[in-house]
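Open your viewer, get the sequence panel up beside it, and keep the selection box handy. We'll hop from stop to stop.

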Amino acid sequence: MRKKPRSGPDAGVVTAACAGDRQALDHLLRQCLPLVYNIVGRALNGHADVDDVVQETLLRMVRGLPKLRDPSAFRSWLVAITIRQVRDREQIRAADRDRRAHLEDAEAITDPALDFAGLTILRLGLTEQRREVVEATRWLDPDDQELLSLWWLEETGELERADLAGALGLSDRHASVRVQRMKKQMEVSRVVVRALAAVPRCAELAETAETWDGMPSALWRKRFARHIRGCGVCQGLDEGLLPMDRLLSGLPLVAVPAHFDVSRLLDTTPTTHHSGHGGGHRRPGPRSARIGGKQLVGGSAAVAVAVVAALVAPRLTGGSSPTTAVASPSPTPVVSVTPSPTPSATPSKSPSPSPKAEPSPSPSKHTPAAAPAHIASGAKKGVGVWSFGGVSQALAASGASWYYTWSTQHSGITTPSSGSFVPMIWGAKSVTDASLAQARSYGPYLLGFNEPDMAQQSNMTVDQALELWPRLMAAGKILGSPAVAYGGDTAGGWLDRFMSGARTKGYRVDFITLHWYGGDFRTPQAVDQLKSYLAAVYARYHKPIWLTEYALIDFSQGTRFPSAQQQADFVTASTKALDGLSYVQRYAWFGLGADPAKPSSGLFTNGTTTTAAGRAFQSAD
């Protein structure tokens, strides 16, 4: 029997939190944490990133509170935010699985025996059929795992069908169809679990499983189910299966881990001061954590929940923005100051043939060239460029103050009088005397390796990059880090391991280079996601940031672009936001060229014809 649905947080509490009442905000965090943790935990099946996704969800919830028009819709709104965060993380995980083949990553792979389903089985001492149900969740498609997490909470009375449908962006009727389809997949998965656990196991099934790696997946569910349907030995395994809702209704909600005890965290939260003329804030002390990230100075991911309130409370009360609350870099030279689906895989970029470099004074081989103490907002705007008809004319008309070509030269592209070219050492094969000589001839900056964390790009291990790094340092340029495709804020991620190795070896990295692509095509949300990522990266490394690729492109299922107007709106809003971030030293749109016959994020289809995004880019200061 289903429980009576909960009504959710009191609308008065939500209204007070929206108005900046700190006590109400803390109370709201306590109330919504179990719900968010259960949705994320079941949807990600206990992946190591559960805590981080919960943290980011709470951060986005608090940031969005001032814009919540109907306090009574808070629960549905929160569930929708949670599901978006789960989807963003799944997009990153999908890209990560495509490239995780290096031995150095083996120790970071979560032990399958310690996943969410496994812990549920061990902790609850389930009956046999409940055990099968929980194990069967591992075999679902990612979308169905996400849906199961919502439906499970609906069965326990935590959510209503309207909440579930709203989170998925579906009508109630369509949501019901999706639920029924997911339940059918679960029934198939339960039979697969039974067949694989049978003693003795069907000989033909054992033969089918010879090449199976032992990890549950939708692909192998289909293969095993195909065998079971046509096998005389395996047929009949579905007899006696109890309805899944009866089994799930007896399972309690998963308890929030102790490290998410909000009351224990509030002691580390900075005090917000109110006055009749606005609000202010006290910067977090050494125990506070960074937003959006995984490195927590206080020693526990729990600190993040308190920091969510701490960073956003000033915004709710008229103080500084969350970004300002993270850090406020002083206007010192770039050499000493520093600053992403949810970023994702990006279109293929590769270096072009070597042209004749234009000579300019060569800097010292061992120390970086001097950089200006401050870069005006107009000097930040740049663009990634490849050759196409009219490219030089388009580059001059774009208004970009700098550009790069993923190479150490710009063959066939004329640098505008008002702009500059920045060279890049693309990958391991680009680390040659000739390429480094070309790099020395162009200005004070040098960009490091291009997306070494992607198999389709420079595809380098951290050790390989560190081994080659001294040769880049010897070029005597102001040197940017390797530009990771995503996860620049992730503890133990590619960039984090590279920066840790560089510190250990005493290597120089003068600024952080990042890529970011947004799959949420709503302008305010996309800009917030971008700013959150940049703030998290800055808080981790405290170095200036160059955002050398960014646009709205959704890579979660193939490649999907927003409408031309959506892309243009994002250009306008994002350039304004980036110009306002002191730790973002430069940014480059992806990219200058556009195919008129296909959707893209490009700015020009030829030397004179702009796209909607191109016109917005030209207008950006």
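The tour goes through cores, helix pairs, cysteines and a few backbone spots.

Before you click, note that this is a predicted model, where local features need pLDDT of at least 70, side-chain atom pairs count only at pLDDT 80 or more, and totals for chains, interfaces and linings use all residues. Residues are numbered from 1 along each chain as its sequence is written, and side-chain values use heavy atoms, with hydrogens and water left out.

**Stop 1: the cores**

Select L514 and L534. Of the 84 residues in the largest nonpolar core, these two touch the most other members. A nonpolar core here is a set of buried Ala, Val, Leu, Ile, Met, Phe, Trp, Tyr and Cys residues joined through side-chain atoms within 4.5 Å. Buried means under 20% relative accessible area, exposed means over 50%, and partly exposed is in between, using a 1.4 Å probe and protein chains only.

Which helix gives the most to this core? Colour α20 (residues 523-541), which supplies nine residues. Helices are DSSP runs of H or I with at least four residues, strands are E runs of at least two, and both are numbered from the N terminus.

Now show what surrounds L534. Skipping neighbours within four places in sequence, L534 is in contact (heavy atoms within 4.5 Å) with L514, I545, L547, L578, L581, Y583 and V584. There is also a second, separate core of 39 residues, with V134, W139, W151 and A225 among them.

**Stop 2: α3 against α20**

Keep α20 on screen and add α3 (residues 50-64). Their axes come within 12 Å and cross at roughly 125 degrees. Axes are lines fitted to C-alpha atoms, for helices over the stretch in contact, with angles from 0 to 180 degrees between N-to-C directions. The two helices are therefore oblique to each other: under 35 degrees counts as roughly parallel, over 145 as roughly antiparallel, 65 to 115 as roughly perpendicular, and the rest as oblique. For the residues that meet, pick E56, L59, R60 and R63 in α3, then D528, Q529 and S532 in α20.

**Stop 3: α8 against α9**

Select α8 (residues 161-168) and α9 (residues 172-197), whose axes come within 9 Å and cross at roughly 90 degrees. That makes α8 and α9 roughly perpendicular to each other. The contact is made by R161, A162, L164 and A165 of α8 and D172, A175, S176 and V179 of α9.

Zoom in on V179, which is buried at 2% relative accessibility. Leaving out residues up to four places away in sequence, V179 touches L147, W151, R161 and L164. Try a distance label too: the C-alpha atoms of V179 and D144 are 8.5 Å apart, though 35 residues separate them along the chain.

**Stop 4: the cysteines**

How many disulfides does a search of the whole structure find? Zero, taking a disulfide as a pair of cysteine sulfur atoms within 2.5 Å. Click C231: its closest cysteine sulfur, in C202, is 3.7 Å away, too far for a bond. C231 is buried at 4% relative accessibility, and C18 is buried at 18%.

**Stop 5: backbone oddities**

Go to the loop between β6 (445-446) and α18 (462-473), where you'll find E451. Phi of E451 is near 45 degrees, a positive value in a residue other than glycine, and E451 is buried at 0% relative accessible area. N459 lies in the loop between β6 and α18, with phi near 50 degrees, but N459 is partly exposed at 34%.

Finish at the cis peptide bond joining F590 and G591, with omega about -10 degrees. G591 lies in the loop between β10 (584-589) and α22 (612-619).
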